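Visitor: Please take a close look at the salt bridges in this structure. I should then like to follow the surrounding elements into the packing of the interior.

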Amino acid sequence: TETEHVVAAFSAGGVDYVTKPIKPKEVMARMGVHLGGARRARQEAQHAGEARSALDAFGYASIMVRLGGEGDGKLTWQTPLARELLARYYGTSAPQTPPAVLEWLRGASRMAEAQTGGPAEPPRLTIEVGAQRLSFRLHQQTGDSDGGADWLIIMREVSDAAVIEAM
C-alpha cells in the first residue's frame, strides 16, 4: 500500500493495483472493466481493418505520414493496397516514406500553412511507369502533437490499359 510501490508498479507497465486484504467483488469489478476495455480495443481494430479493406476495394490506397516532431518523415499507417503500391513503384516499405513523396508532402504542407483566403488543394504528385500512373492527393492533416502533424494521403493507380478496356 506504500505510494512508492504503487508508482513502481505503474512504471513497470501495470494498469491497476490491488492491495491486501483482497476484496473479491472489487477484484472482479476491476477485471470486468479491463476486459471491457480490451473488447472495445479489439472491436475498434476490427472496424479500422474493415475501413481499410473498403478503401482498398474501391481502388484507393491510403497512407499517413508524420511531419515534424518525433518520427519526422515516417510512414505511420497504410492500407494493404498502399503497401503493395509503394513496394511496386518505389521498392520501399513502412516506416520509410519514399523520398519523392516526402519532398512533395513537405512542399504541400508549407503551401497549406501559407494559404490565406480559404483552403486550396495542393497540386497532386503523379508517378508514371509505362502505361501506369500512381497519383498522390493530400487529404487532410489529422493531428498535431509533440511538435509534429500526421498527414493523410490518398493514392490512386490508373492504368491506360484498364481505361481503354473499360471504355
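Guide: A search of the whole structure finds six salt bridges, each being a side-chain nitrogen of Lys or Arg within 4 Å of a carboxyl oxygen of Asp or Glu. The model is predicted, so local features need pLDDT of at least 70 and side-chain atom pairs count only at pLDDT 80 or more, while totals for chains, interfaces and linings use all residues. Residues are numbered from 1 along each chain as its sequence is written, and side-chain values use heavy atoms, with hydrogens and water left out.

One of these bridges joins Asp72 to Arg106, with the closest N and O atoms 2.7 Å apart. This pair links distant parts of the chain, 34 residues apart: Asp72 lies in the loop between S1 and S2, and Arg106 in helix H4. Helices (H or I, at least four residues) and strands (E, at least two) are DSSP runs numbered from the N terminus. Asp72 is partly exposed at 38% relative accessible area, as is Arg106 at 30%; buried means under 20%, exposed over 50%, and partly exposed in between (1.4 Å probe, protein chains only).

Within helix H3, Arg88 and Glu84 are four residues apart, about one turn of the helix, and their closest N and O atoms are 3.1 Å apart in a salt bridge. Arg88 has a relative accessible area of 40% and Glu84 one of 43%, which means that both count as partly exposed. Salt bridges with shared partners also join Asp16, Glu26 and Arg30 into one network. In that network, the side chains of Glu26 and Arg30 meet at 3.0 Å, N to O, and both residues lie in helix H2 (residues 24-57).

Helix H3 also has buried residues, namely Leu81, Ala82, Leu85, Leu86 and Tyr89. They fall within an arc of 130 degrees seen down the axis of H3, so they line one face of the helix; the arc is that of the directions from the helix axis to the C-beta atoms.

Helices H3 and H4 are among the elements that give two or more residues to the largest nonpolar core. Such a core is a set of buried Ala, Val, Leu, Ile, Met, Phe, Trp, Tyr and Cys residues joined through side-chain atoms within 4.5 Å. Of its 24 residues, those that touch the most other members are Ile63, Trp104, Leu105, Phe136, Ile153 and Met155.

Trp104 is buried at 12% relative accessible area, and Phe136 at 0%. The two form a tilted aromatic pair, 6.3 Å centre to centre with 50 degrees between the planes; rings of Phe, Tyr and Trp (its six-membered ring) pair if their centres lie within 6.5 Å, planes under 30 degrees apart counting as stacked, over 60 as edge-to-face and the rest as tilted. Trp104 is in helix H4 and Phe136 in strand S4, 32 residues apart. Ring pairs link Tyr90 with Trp104 and Phe136 in a cluster.

Strand S1 also contributes to this core, and seven of its nine residues are buried. S1 pairs with S5 in the antiparallel sense over nine bridges, pairing requiring at least two DSSP bridges between the strands. Three bridges join S1 to strand S2 (residues 75-78), again antiparallel. Val65 has Trp151 as its bridge partner in S5 and Leu75 as its partner in S2.
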